[in-house]
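Q: Please take a close look at the enclosed space inside this model, and then work outward to the packing around it. I would like the cut-offs stated as you go.

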Amino acid sequence: MTNNQPTTTTEVQIQYVHNENGPTLGYSTSSGVQIIEQDGLKFKDLSGDGKLDPYEDWRLSPEERAKDLASKMTVEQIAGLMLYSQHQFIPAASSTWFPGTYGGKSFEESGANPWDLTDQQKNFLSKDNLRHVLVVGVQSPYVAARWNNVVQSFAEGTGLGIPANNSSDPRHASDASSEFNAGAGGKISMWPETLGLAATFEPAVTRKFGEIAAKEYRGLGLSTALSPQIDIATDPRWFRFNGTFGEDSKLATDMARAYVDGFQTSEEDKEIAEGWGYDSVNAMVKHWPGGGSGEGGRDAHFGCGKYAVYPGNNFEEHLLPFTEGAFKLEGKTGQASAVMPYYTISTDQDLINGENVGNSYSSYLINDLLREKYGYDGVVCTDWLITADETESKDTFISGKPWGVEGLTVAERHYKLLMAGVDQFGGNNEILPVLEAYQMGVAEHGEANMRARFERSAVRLLKNIFRVGLFENPYLQPELSEQVVGHPEFMKAGYEAQLKSLVLLKNQGNVLPLPRRSRVYVPKKFTPAGKNWIGMPTPESLEYPVNLDIVSKYFEVTDNPADADFALVLIEGPKSGVGYSQEDADNGGNGYVPISLQYKTYTAEHARETSLAGDSRDHDVMNRSYKGKSVTAHNVTDLDSVLNTKKIMNGKPVIVSMLLSNPAIVEEFENEVDAIIVNFGVQDQALMEVLAGIVEPSGLLPMQMPANMKTVEEQFEDVAHDMECHVDSDNHTYDFGFGLNWSGVIEDERTKKYRRA
């Protein structure tokens, strides 16, 4: 075992050693690692014992290497491998959600380089043996690459030299104000949100995204993607709808397969074996067994949304994107390498133990269903912070989420997860509760059984690191990272996907496309003060919702509606909150309120009298019904803007561009406007090119657009395609698979394949 002090210098010197017909080895000169020569080949002596251990032998399979390494690891080292860090910012400045310290000082006070390790990172890498790091914000590809090299040098000189497996949530969403051409070669390529990829109805586009995103991830030092989100979004109110491929299981299944194949597959000289290699990124699909059926549309990030319900008895369909998509790949990697269960309690779905606990805690869902019935032997990682204690507030995002096991200690939660079949604990940097859980297992099952249980998880986790070549060379060349991440060809592909994701819903009298250089009036957008999705206060604002410099390249912009040929109103779908009101609770109510998909005040006359699920604890609420309560969209001013613009334009065309993260009820304004185009996250230029007729719209709705809130309340949370859809003034029905081009309703191979009869 290496006894060298791990490096803390920010100047990592990397040596490369080449093998003919074998991998190039990269190692840090300050990590203490030596090179072993055997049979005319070169290997890294990561253990520091002067001999070639099987896990150091790149000629062996990942399975063989992982089993050897797991057998050599102490319980403490395996426990550390099971940790998955909380969100890390590079640098961890004071302005970030989770600031760090550098030598005991803030980043701004310390004089540290942005790629330096924080005190906290050094601590969890060395003391807690953590090797899986979740990276959120990065200052630039150059900084990310240098940080990666510092992390890897630190890890290489510690213990058995296990590299860090850095990871990321999705990071390719479009910056709406950036122009494609100006953004070429920028920080990273920009694509539609996942729901926008679904709107293309072309799995090949999603496959291409995966291939490009994987190259950019590896350029940033990221080897695991905490994606794709393949839940079928069967309740239209769900907070995470826009992160999915929509409500249709067939489309979601094909998109899931394409996404994972794109991320995991390396080809030609980048392939090491079985499709895995230096372009591969492990895909952690989420969220098993599907989280899209929260009662009332509420989300399980919040205490108010912990229960998924199945009034339509449709649990099995939610598994399809996993079992028929991510677990049945076309590429050689075979299946997604990791799975994340959701926070939710899948109410009354445990057919063996009858437990109603968070999905990761359920031995039925993990051991019996995922492992045994479907034969999945990849990594199972919990969602973040499920082992931490809950807060009193039921609408707080940053809180522990130990749903169904609130009465257990933190260590007992870890033990229950281990016995349920989980390999890894998301958002936990600390080793102590894992070691306590191990001792609980020793007391119940004996040392040999518990050691074997730990090694099973260690092998799964290590295989994913071996497969992508990190043991041979985890280091990056920062200058090359700058060239790869945001490469012009990647930017171009992302932009083309954005164009394909735009959905034209209404085009009365063929008002679109608009003549170039015609005059446009764009009203400013008012946003009242409120809270963002993590609960932080946001100020009110009044500003243009589009980059007018970009608009002016296509049309003449005027502030005077009387001078305009048409108006363009940019709005977002209605936002009415998470389904809980502390004010209601403080005033003697149960706290639960509707989630509305309309702008105007909505009163839930058609809601259930009695909720399907609730919390039987004395201090909580069993009946979560919100019948008769009212809610108004936070952005009701978006509707006001549309209607006011209609009045002041005196009969001239009004075009609405609508950014959607959920289905929306458009009957409040549809009859008043001439055209509606919806998007799921695109740059302003993409919208302008469709409006100006440079590009013909081709996107299709990946979900239903409900006629009213009555049909939303009466649909089943777990069933897709069960709402009455809006019918517009042109007698078009805004159903799944609907979209217009310049010739009218789109009918093509995509609609034949996916549209419901």
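A: Fourteen residues line the largest cavity, and E295, R608, Y626, E713 and E717 are the ones nearest its centre. The space in this cavity comes to about 100 Å³, where a cavity is a set of points, on a 1 Å grid over the protein atoms alone, at which a 1.4 Å probe fits but cannot get out, and lining residues have an atom within 4 Å of a point. Grid points are joined across faces, edges and corners, and a volume is the space filled by probe spheres set on the points. By this rule there are 10 cavities of 30 Å³ or more.

The model is predicted, with local features requiring pLDDT of at least 70 and side-chain atom pairs counted only at pLDDT 80 or more, while totals for chains, interfaces and linings use all residues. Residues are numbered from 1 along each chain as its sequence is written, and side-chain values use heavy atoms, with hydrogens and water left out.

Open space is treated separately: a pocket is an open set of points with protein on both sides within 12 Å along at least five of seven lines. The second largest pocket holds about 1,100 Å³ of space. Its lining has 44 residues, with R218, K270, Y278, D279 and N473 closest to the centre. At least two lining residues come from each of α1 (62-72), α5, α8 (203-219), β12 (271-273), α14 and α15 (478-484); these helices (H or I, at least four residues) and strands (E, at least two) are DSSP runs numbered from the N terminus.

Helix α14 (residues 447-467) also gives the most to the largest nonpolar core, with 8 residues. That core has 197 residues, and W288, F454, L462, F555, M658, F669 and M688 have the most contacts inside it. A nonpolar core here is a set of buried Ala, Val, Leu, Ile, Met, Phe, Trp, Tyr and Cys residues joined through side-chain atoms within 4.5 Å, and buried means under 20% relative accessible area, exposed over 50% and partly exposed in between, with a 1.4 Å probe and protein chains only. A second, separate core of 9 residues includes I665, M709, V712 and M723.

W288 can be followed further along the chain, since the peptide bond from W288 to P289 is cis, with omega near -5°, and P289 lies in the loop between β14 and β15 (307-308). Strand β14 (282-288) is in turn among the elements against which the buried residues of α11 pack, together with β16 (338-341), β17 (345-346), β18 (379-380), α12 (410-420) and α14, contact meaning heavy atoms within 4.5 Å. Those buried residues of α11 (residues 363-373) are Y364, L365, I366, L369, L370 and R371, and just after the helix G375 takes a positive phi of about 65°.

A second cis peptide bond joins I90 and P91, with omega about -5°, and P91 sits in the loop between β6 and β7 (101-102). Strand β6 (87-90) is packed against by the buried residues of α4, as are β9 (132-138) and α5 (141-156). In α4 (residues 119-126) the buried residues are Q121, F124 and L125. They lie on the same side of α4, because they cover an arc of only 100° around the axis, the arc being that of the directions from the helix axis to the C-beta atoms.
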